[in-house]
Amino acid sequence: MQYKSFLIKYAEIGVKGKNRFMFEDALVTQIRHALKDIDGDFMVVKESGRIYATAESEYDFDEAVETLKRIFGIAAICPMVQVDDNGYEDLKKQVLAYVDEVYEDKNFTFKVNARRGNKKYPVNSDQINRDLGEVILDAFPETKVDVHHPEVMLHVEVRNRINIYSIVIPGPGGMPVGTNGKAMLLLSGGIDSPVAGYMISKRGVKIDAVYFHAPPYTSERAKQKVVDLAKLVSRYSGPVHLHIVNFTDIQLYIYDQCPHEELTIIMRRYMMRIAERLAVDAGAQALITGESIGQVASQTMQSLAATDAACTMPVFRPVIGFDKQEIVDVAEKIGTYETSVLPFEDCCTIFVAKHPVTKPNLKMIERSEEKLKEKIDEMVETAINTVEKVWC
């Protein structure tokens, strides 16, 4: 069957109370925008707790479904047949035609789940369930009713028009992107930070990103890898404005002036300072990192506290309690893993100490940073003023 319509269901939006319409409108806007990128014209409308996407021309069904599955805020995608109310007997015929066309093999158990949203309809939900079940059994004797564990759940929604569907495709859930502010993602070429960007976007946060590049110690291929990761994340988050910071001079200066066991922490602190400046300029309210407690030396509780002390913005760490395999599982699901494991080093792995401090003392870190006073502020300004911006 070539479905012409999709019923789009949401979950969390339904409990938003008086401002629910704002989240619905944001979701409708994002669905319209996303469907413009596929072949075919769609009309997207909302109606009393329902969102419909109706094709007005030929389209690729699989492409449309894959697009909808990447839109945060969608809980379920239901390909459906939508018919006019031409009387109860016509409804029975429409349901039989749907079952006959969708299920070539009729040897299945089923249950009819009717909902009468239009209370003026002359037949109540329980009666619709019984009557439609009866006509399906009569027309297709191979079928059987199972009200507890049916193989096919046939939904019939009586509203202004009548929706008939039995296929429910899970959506990504979450909240529409942009309904919960904006944040700046510190994006590296690793596995963790793209997952962190995906997860915070799922909560409705619009993201931009910053990548710290260290040529010639990191190659153009390493930079391209991060651009590619930003583009993969943007399939879910919407367009990402990637800021590429040349961090080489700052890293070399820190390497020359500071104790090597503190290198990672001090470099991270300056990354946070620069990211915060860029975030303010971009209108963001928070920073995002892919750090997980205890994964490496710079991600102990003491190290994270020392890093956070360098900035005033809140720092979101969506994967803070995940182990590595859990992060990998999400990366594979969203399609970033294969790119993340490409063997191109980033600046965090190039300038790493042999024996990094795992429990840094903030006062000692700040004392070490005093050695940078002569040049560091100017170098930070240069790094910010020479940022390369890529639209992903």
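Which residue in β4 does F6 stand opposite? In this predicted model, F6 stands opposite P79 in β4, and that pairing is a good place to begin a walk through the structure.

Strand β1, made of residues 5-9, is mostly covered, since four of its five residues are buried. Strands of a sheet pair through backbone hydrogen bonds, either parallel or antiparallel. On one hand, β1 is joined by five bridges to strand β4, residues 76-83, and these two strands run antiparallel. On the other hand, four bridges join β1 to strand β3, residues 50-55, again in an antiparallel arrangement, and here the bridge partner of I8 is I51.

The residue F6 also takes part in a contact between rings. F6 and Y59 form an aromatic pair of the edge-to-face kind, with 6.1 Å from centre to centre and 70 degrees between the planes. Because F6 belongs to strand β1 while Y59 sits in the loop between β3 and α2 (61-68), the pair ties together parts that are 53 residues apart in sequence. Both F6 and Y59 are buried, and they belong to one aromatic cluster that is formed by Y3, F6, F42, Y59 and F61. Another pair is made by F108 and F110, whose ring centres are 6.5 Å apart and whose planes stand at 80 degrees, so this pair, too, is edge-to-face. F108 is buried, with a relative accessible area of 9%, and F110 is buried as well, with a value of 2%.

In the loop between β2 (42-47) and β3 lies S48, a residue other than glycine that nevertheless has a positive phi, near 50 degrees. Is S48 buried or exposed? With a relative accessible area of 65%, S48 is exposed, because the cut-off for that word is over 50%.

Helix α3 covers residues 88-102, and its length can be checked by a simple piece of reasoning. At 1.5 Å a residue, its 15 residues should span 21 Å, and the C-alpha atoms at its ends are indeed 21 Å apart, so the expectation and the model agree. The buried residues of this helix are Y88, L91, K92, V95, Y98 and V99. Seen down the axis of α3, these buried residues fall within an arc of 125 degrees, which means that they line one face of the helix. The face turned away from that buried side carries the exposed residues E89 and K93. What do the buried residues of α3 pack against? They pack against β4, which we met as a partner of β1, and also against α4 (125-139), β7 (152-158) and β8 (162-165).

Further along the chain there is an open sheet of six strands, which follow one another in the order β14-β13-β10-β11-β12-β15, with mixed pairing. Its edge strands are β14 (315-316) and β15 (388-391), each of which pairs on one side only. Within this sheet, strand β10, residues 182-186, and strand β11, residues 206-213, pair in the parallel sense over five bridges, and L186 stands opposite V210 in β11. Helix α5, residues 192-202, lies across β10, β11, β13 (286-288) and β14, and runs at about 170 degrees to β10.

Strand β11 also holds H213, which is buried, with a relative accessible area of 5%. Leaving aside residues up to four places away in sequence, H213 touches T218, S219, E220, K223, I244, V245, N246, F247 and T248. In the loop between β11 and α6 (220-237) we find P216, and the peptide bond from P215 to P216 is cis, with omega near 0 degrees.

The last stop is helix α13, residues 362-369, whose buried residues are I365, S368 and E369. Seen down the axis of α13, these residues fall within an arc of 100 degrees, so they line one face of the helix. On the other side of α13, K363 and R367 are exposed, while what covers the buried residues includes α8 (263-282).

Technical notes:
Residues numbered from 1 in each chain as written. Predicted model: local features only at pLDDT ≥ 70, side-chain atom pairs only at ≥ 80, totals over all residues. Heavy atoms only, no water. Buried < 20%, exposed > 50% of the residue type's maximum accessible area, 1.4 Å probe, protein only. Pairing = 2+ DSSP bridges. Expected span 1.5 Å × (residues − 1). Arc of directions from axis to C-beta. Contact = heavy atoms within 4.5 Å. Axes fitted to C-alpha atoms, helices over the stretch in contact; angles between N-to-C directions. Phe/Tyr/Trp six-rings, centres within 6.5 Å; stacked < 30°, edge-to-face > 60°.
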